[in-house]
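Colleague: Please pick one sheet in this model and take me through it closely. Then set it against the rest of the chain, packing included.

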Amino acid sequence: MSDSMAACVCADGLTRRFGSTLALDGLSFTMAQGQIIGLLGRNGAGKSTLLRILSGQLRQSEGKIELFGMPVFNNAAALGELCMIGDTPDFGRLSNRKAFFRACASLFSGWDMALAQKLADRFELPEKKPLKGFSRGMQTALLLCVGLASKAKLTVFDEPSLGLDAVMRERFYDLLLEMRSEQPERTFIISTHLIDEVARTLDYAVLMDHGRLLCEGELKTLMSSYLSVSGAPDAVRAATEGAQVLREEEVAGSLVRHLRLNEPADRERLLNHEGVQGAPIHLQRLFVFLTDEEEGERHANDA
């Protein structure tokens, strides 16, 4: 996070145990305000536990977490800045879209009814149809409208594309980018395991697995810290001697090494080496490489 950007969420040594199970293992990270942030990891990585703590539903075992500089547990002032859109819709006895939006207006101080109606139309949601007749995708879309129209200082979407078809998924991400442009003071967190799907929207990413932090950073900076180098095997080995290799692959007679760069000058040096080519590592592949690396270290420590 840039020194000039105020913190939205700050975790320090955040740990949560359920009996003998360690769900969060000393997580420390800082998320800045005014960004779209990806909380990325596999199912079971600890994302849901982290969000339950962030929303005050669960208390950490150790460490601390702050929302806009305030502790969250039992703190109405902090939680009043948050809109948490979960992945399990529950509309209670509310009859239709109009009634649901009226209920939401009493929950969020910045609620924008006109925006909510406009978004619902963009998602092609019927106004008078009973909510119990909504498909899973329609239920998800209705909740996404609430998150965007809440105008909460921090809005969190947990697995926001469940049940949505490809058109509606892309429509949501387009709307999210519109909101970020029109309301730059807001912060959005997308918690998901669908990394490739959300990558185009992100300013910042926090990658985690088995309750541990794999890496975090502004997306451009993070991606510039890794590089795939390919070419004739001897040329690649010579160019990457001494480099940190995340994974090595042979493809059609060529050797590909996926690297972690120690400093920016390494990229230029590698790309200027005769007989090799460089390419960025896509975020999802990077996550796979880092997960494999972390699992290898964990098994080595357990041995």
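Modeller: Start with β12 and β13 (residues 254–260). Seven bridges hold the two together, in the antiparallel sense. One position to find on screen is Glu 250, which stands opposite Leu 255 in β13. Keep in mind that this is a predicted model.

Now widen the view to the sheet around that pair. It is open, has four strands and pairs in antiparallel fashion, in the order β12-β13-β11-β14. The edges belong to β12 (244–251) and β14 (276–279). Each of these has a single partner strand, so one side of each lacks a neighbour in the sheet. From one strand to the next, the twist averages 20 degrees. In general, side chains of a regular strand alternate between the two faces of the sheet.

A helix covers part of this sheet. Helix α10 (residues 264–271) lies across β11 (226–231), β13 and β14. Its direction is at about 10 degrees to β11.

For contrast, go to the N-terminal part of the chain. There is another open sheet of four strands, also antiparallel, with the order β2-β1-β4-β5. Its edge strands are β2 and β5 (70–71), each pairing on one side only. On the other side of β1 from β2 comes β4, as the strand order shows. Five bridges join β1 to β4 (residues 62–67), again antiparallel. Within that pairing, Asp 12 has Lys 64 in β4 as its bridge partner. Helix α1 (residues 47–54) packs on this sheet and touches β1, β2 and β4. The direction of α1 makes about 115 degrees with that of β1.

The β1 and β2 pair deserves its own look. Strand β1 (residues 7–18) and strand β2 (residues 21–32) run antiparallel, joined by eight bridges. Val 9 has Met 31 in β2 as its bridge partner. The two strands form a hairpin, with two residues between them. Gly 19 sits in the turn, with a positive phi of about 65 degrees. At the end of β1, the charged end of Arg 16 sits over the ring of Phe 18, 4.6 Å from its centre.

Move on to the loop between β4 and β5, where Phe 68 lies. Phe 68 has a phi near 50 degrees, positive in a residue other than glycine. Phe 68 is buried, because its relative accessible area of 14% falls under 20%. Lys 153 lies over the face of this ring, at 4.3 Å from the ring centre. Asn 74 makes a good counterpart. It sits in the loop between β5 and α2 (76–79), and its phi is near 60 degrees, also a positive value outside glycine. But Asn 74 is exposed, with a relative accessible area of 72%.

Next, the nonpolar interior. The largest nonpolar core has 56 residues, and those with the most contacts inside it include Phe 100, Phe 123, Leu 125 and Leu 283. Helix α5 (residues 136–149) gives the largest share of this core, nine residues. A second, separate core has 28 residues, among them Leu 24, Ile 37, Leu 82 and Leu 154. Back in the first core, Leu 125 touches several residues, including Arg 97, Phe 134, Met 138 and Cys 145.

One polar residue of helix α5 is worth a stop: Gln 139. With a relative accessible area of 18%, Gln 139 is buried. Its contacts are Pro 89, Phe 91, Leu 131 and Phe 134, leaving aside residues up to four places away in sequence.

Last, the rings. The structure holds six aromatic pairs. One of them is Phe 91 with Phe 100, edge-to-face, 5.0 Å centre to centre and 90 degrees between the planes. Phe 91 is buried at 10% relative accessible area, and Phe 100 is buried at 9%. Another edge-to-face pair is Phe 157 with Phe 172, at 5.1 Å and 75 degrees. This pair links distant parts of the chain, 15 residues apart: Phe 157 in strand β7 (residues 154–158) and Phe 172 in helix α6 (residues 166–182). Both Phe 157 and Phe 172 are buried. Ring pairs also link Phe 91, Phe 100, Phe 101, Phe 108 and Trp 111 into a cluster.

Notes. Residues are numbered from 1 along each chain as its sequence is written. This is a predicted model: local features need pLDDT of at least 70, side-chain atom pairs count only at pLDDT 80 or more; totals for chains, interfaces and linings use all residues. Side-chain values use heavy atoms; hydrogens and water are left out. A nonpolar core is a set of buried Ala, Val, Leu, Ile, Met, Phe, Trp, Tyr and Cys residues joined through side-chain atoms within 4.5 Å. Buried means under 20% relative accessible area, exposed over 50%, partly exposed in between (1.4 Å probe, protein chains only). Contact means heavy atoms within 4.5 Å. Two strands pair if DSSP finds at least two bridges between them. Rings of Phe, Tyr and Trp (its six-membered ring) pair if their centres lie within 6.5 Å; planes under 30 degrees apart count as stacked, over 60 as edge-to-face and the rest as tilted. A charge sits over a ring if NZ of Lys or CZ of Arg is within 6 Å of the ring centre and within 35 degrees of the ring normal. Axes are lines fitted to C-alpha atoms, for helices over the stretch in contact, and angles run from 0 to 180 degrees between N-to-C directions.
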